[in-house]
Amino acid sequence: MLIAPSMLCADFASLRRDVQQLAAAGADWLHFDVMDGHFVANLTHGPLVLKAVRQDADLTFDAHLMVEKPEQYVGEFAEAGADFITVHIEATSAPHRVLRHIRELGKRPAVSLNPATPTSAVEYLLGEVDMVLVMSVDPGFAGQRFIAAVLPKIERLKCAAADAGADVLVQVDGGVNADTVGRVTAAGADVIVSGSGIFAHPRGYAAAIAELRQRAATETPNCSLRAR
């Protein structure tokens, strides 16, 4: 399991410090939630912020574009140094085109779906992407409670990818902490995004990441996944 702290919960006044400390604490990726105030009712960092800290950690930089018309922005995030660029299926009318453009830019394309969006909306794209991001909260704000109803969606996507012979990671974002990570791992998630679960941990980043790994290690994928 890969752990990607959500930079939405970082201290924006000390972002470079947080990036360096997260790398030292054992994070695998850094997850940048990009919000435009239209697709979701919030505004966050843009490509210049990601670019400013790109040299501060030798980690995978994961740009999650919660924006309308993501095709207008993928070039800027590719230039800024993102490794994965994720677009929402609900935000574009031409998903094939934008995902292929991301790959043409030398980056790894990913697609995300909101809790209310069925897996069928993205299953036909499994041959085009390197990752599917399952939102386990309604996007827009940190600190929300995990929506357990998305757990079957994680399993369905893992099974659909296996059936298609597609090497696709499943990422989960929203309300994942030490109390919920076991269920997420059991459903088949490969990459865990955690915001408050890491940044608000009373014993610091390293302890938070270690606890997530320990809790996840006690779980195994559900029977239907093991049989495939």
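## Strands, pocket and selected residues in a predicted model

Ile192 lies in strand 8, and in this predicted model Ile192 counts as buried because its relative accessibility is 0%, where buried means under 20%. From Ile192 to Met66 the chain counts 126 residues in sequence, and the two C-alpha atoms are 18 Å apart in space. Strand 8, which spans 191-194, also supplies at least two residues to the lining of the largest pocket, and that pocket is described next.

### The largest pocket

The volume of the largest pocket is about 440 Å³. Among the 35 residues that line the largest pocket, those closest to its centre are Gly175, Val176, Gly195, Ser196 and Gly197. At least two lining residues come from each of strand 2 (29-35), strand 8 (191-194), helix 8 (196-199) and helix 9 (205-217), and helix 9 provides the largest share, with 3 residues. By residue class, the lining of the largest pocket is made up of 17 nonpolar, 13 polar and 5 charged residues.

Val176, one of the residues closest to the centre of the largest pocket, is placed in the loop between strand 7 (169-173) and helix 7 (181-187). Val176 is classed as buried because its relative accessible area is 2%, and the class takes in values under 20%. Val176 and Phe146 are 30 residues apart in sequence, and their C-alpha atoms are separated by 6.5 Å in space.

Strand 2, one of the elements that supply at least two residues of the pocket lining, contains Met35. Met35 has a relative accessibility of 4% and therefore counts as buried. Between Met35 and Ala121 the separation is 86 residues in sequence and 22 Å in space, taken from C-alpha to C-alpha.

The three C-alpha pairs described so far are set out together below.

| Residue pair | Separation in sequence | C-alpha to C-alpha distance |
|---|---|---|
| Ile192 and Met66 | 126 residues | 18 Å |
| Val176 and Phe146 | 30 residues | 6.5 Å |
| Met35 and Ala121 | 86 residues | 22 Å |

### Strands 4 to 7

Strand 4 (residues 84-88) and strand 5 run parallel and are joined by 5 bridges, with Phe84 standing opposite Arg108 in strand 5. On the way from strand 4 to strand 5 the chain passes through helix 4 (residues 95-104), and the resulting β-α-β crossover is right-handed. Strand 5 itself, residues 108-113, is mostly covered, with 5 of its 6 residues buried.

Strand 5 also pairs with strand 6 (residues 131-135), again in the parallel sense, over 4 bridges. Two of the residue pairings can be named here: Ala110 has Met131 of strand 6 as its bridge partner, while Val111 has Val132 of strand 6.

How many of the residues of strand 6 are buried? The count is 5 of the 5, so strand 6 is largely enclosed by the rest of the structure. The burial extends to both faces of strand 6, with Met131, Leu133 and Met135 buried on one side and Val132 and Val134 buried on the other. Strand 6 pairs further with strand 7 in the parallel sense, over 5 bridges, and in this pairing Met131 stands opposite Leu169 of strand 7. Met131 thus appears both as the bridge partner of Ala110 and opposite Leu169.

### Two loop residues

Asp56 is located in the loop between helix 2 (47-53) and strand 3 (60-66). The side chain of Asp56 makes a polar contact of 2.7 Å with the side chain of Arg16, and a polar contact of 3.3 Å joins it to the side chain of Gln20.

Lys69 sits in the loop between strand 3 and helix 3 (74-80). Although Lys69 is not a glycine, its phi is positive, at about 50 degrees. Most residues other than glycine have a negative phi. Is Lys69 buried or partly exposed? With a relative accessible area of 48%, Lys69 is partly exposed, because that value falls between the 20% and 50% limits of the class.

Technical notes: Residues are numbered from 1 along each chain as its sequence is written. This is a predicted model: local features need pLDDT of at least 70, side-chain atom pairs count only at pLDDT 80 or more; totals for chains, interfaces and linings use all residues. Side-chain values use heavy atoms; hydrogens and water are left out. On a 1 Å grid over the protein atoms alone, a cavity is a set of points where a 1.4 Å probe fits but cannot get out, and a pocket is an open set with protein on both sides within 12 Å along at least five of seven lines; lining residues have an atom within 4 Å of a point. Grid points are joined across faces, edges and corners, and a volume is the space filled by probe spheres set on the points. Ala, Val, Leu, Ile, Met, Phe, Trp, Tyr, Cys and Pro count as nonpolar, Asp, Glu, Lys and Arg as charged, and the others, Gly among them, as polar. Buried means under 20% relative accessible area, exposed over 50%, partly exposed in between (1.4 Å probe, protein chains only). Two strands pair if DSSP finds at least two bridges between them. A crossover is right-handed if, with the strands pointing away from the viewer, the path from the first strand over the helix to the second runs clockwise. A polar contact is a pair of N or O atoms within 3.5 Å; within protein, one must be able to donate a hydrogen and the other to accept it, and residues adjacent in sequence count only if both atoms are side-chain atoms.
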